[in-house]
Amino acid sequence: MLKELMAGKTVSGVKQSRRAVRDGLARAVYLARDADPAVTGPVRDFCRSREVPVVEQFAMRELGQAAGIQVDSAAVALLKG
């Protein structure tokens, strides 16, 4: 699954991921399993309300690396097209 994230266009961070879901641009959202639930919980609920798949099996460090950024990330959205 990380290969799909590495190969596709992404946005990183909770705010950017939530915005992508809101605008109908997100194909899936990856939430870090080791991130603060107070941060990721609202994003998870928002994704479910918009029927966007949520993947929660990777750590913050793994998501940051897969998204091609130099820092850990609690959320990364894989964009459509």
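Accessible area, the quantity I will begin with, is worked out by the Shrake-Rupley method with a probe of 1.4 Å. With that in mind, the chain in front of you, which is a predicted model, exposes about 4,800 Å², and carbon and sulfur atoms supply 50% of that area.

Let me first go through the overall build. The chain has 4 helices and 4 strands, and if you follow the elements from the N terminus on, they run α-β-α-β-α-β-α-β. The radius of gyration of the chain is 11 Å, close to the 12 Å that the globule rule gives for 81 residues, so the chain is as compact as a globular protein of that length. If you prefer to think in terms of a box, the C-alpha trace spans about 30 × 30 × 20 Å along its principal axes. Of the 81 residues in the chain, 43% are buried. There is also a point about contacts that I would like you to keep in mind: when we take the contacts in the chain with a separation of 6 or more, residues 24 or more positions apart account for 78% of them.

Now to one pair of helices. How do α2 and α3 lie with respect to each other? Helix α2, which covers residues 14-22, and helix α3, which covers residues 37-49, pack at an angle of about 10°, and their axes are 10 Å apart. Angles under 35 degrees count as roughly parallel, and α2 and α3 are therefore roughly parallel to each other. On the α2 side, the residues that meet the other helix are Val14, Arg18, Val21 and Arg22, while on the α3 side they are Val39, Pro42, Val43, Phe46 and Cys47. Sorted by class, this contact of α2 with α3 has 7 nonpolar residues, 2 charged residues and no polar ones.

Two residues of α2 deserve a longer look, and I will take Val21 before Arg22. Is Val21, which is found in helix α2, buried or exposed? At 4% relative accessibility, Val21 counts as buried, because the cut-off for buried is under 20%. Leaving aside neighbours within four places in sequence, Val21 is in contact with Ala26, Val29, Phe46, Cys47, Arg50 and Val52. One of these partners, Arg50, is 29 residues apart from Val21 in sequence, yet the two are 7.4 Å apart in space, C-alpha to C-alpha.

Arg22, also placed in helix α2, is partly exposed, with a relative accessible area of 47%. Not counting residues up to four places away in sequence, Arg22 touches Phe46 and Arg50. The C-alpha atoms of Arg22 and Cys47, which are 25 residues apart along the chain, are separated by 8.7 Å.

Let us move across to helix α3, where Thr40 is found. Thr40 is buried, with a relative accessible area of 2%, and, again leaving aside neighbours within four places in sequence, Thr40 is in contact with Leu31, Ala32, Ala35 and Ala74. Thr40 and Tyr30 are 10 residues apart in sequence, and their C-alpha atoms are 9.9 Å apart in space.

At the surface, I would point you to two residues. Lys3 lies in helix α1, which covers residues 2-7, and at 69% relative accessibility Lys3 counts as exposed. Lys3 and Ala66 are 63 residues apart in sequence, while in space they are 7.6 Å apart, C-alpha to C-alpha.

The other residue is Glu51, whose place is in the loop between α3 and β3, the strand at 54-55. Glu51 is exposed, with a relative accessible area of 74%. What is the sign of phi in Glu51? Phi of Glu51 is near 60°, which is a positive value in a residue other than glycine. As background for that, most residues other than glycine have a negative phi.

To finish, here is what I would ask you to find in the structure. Please look for the roughly parallel pair, α2 and α3, then for Val21, which is buried, and for Arg22, which is partly exposed, and last for Glu51 in the loop between α3 and β3.

Key:
Residues numbered from 1 in each chain as written. Predicted model: local features only at pLDDT ≥ 70, side-chain atom pairs only at ≥ 80, totals over all residues. Heavy atoms only, no water. Axes fitted to C-alpha atoms, helices over the stretch in contact; angles between N-to-C directions. Parallel < 35°, antiparallel > 145°, perpendicular 65-115°, else oblique. Contact = heavy atoms within 4.5 Å. Nonpolar A, V, L, I, M, F, W, Y, C, P; charged D, E, K, R; others polar. Rg over C-alpha atoms; globule rule 2.2 N^0.38 Å. Buried < 20%, exposed > 50% of the residue type's maximum accessible area, 1.4 Å probe, protein only.
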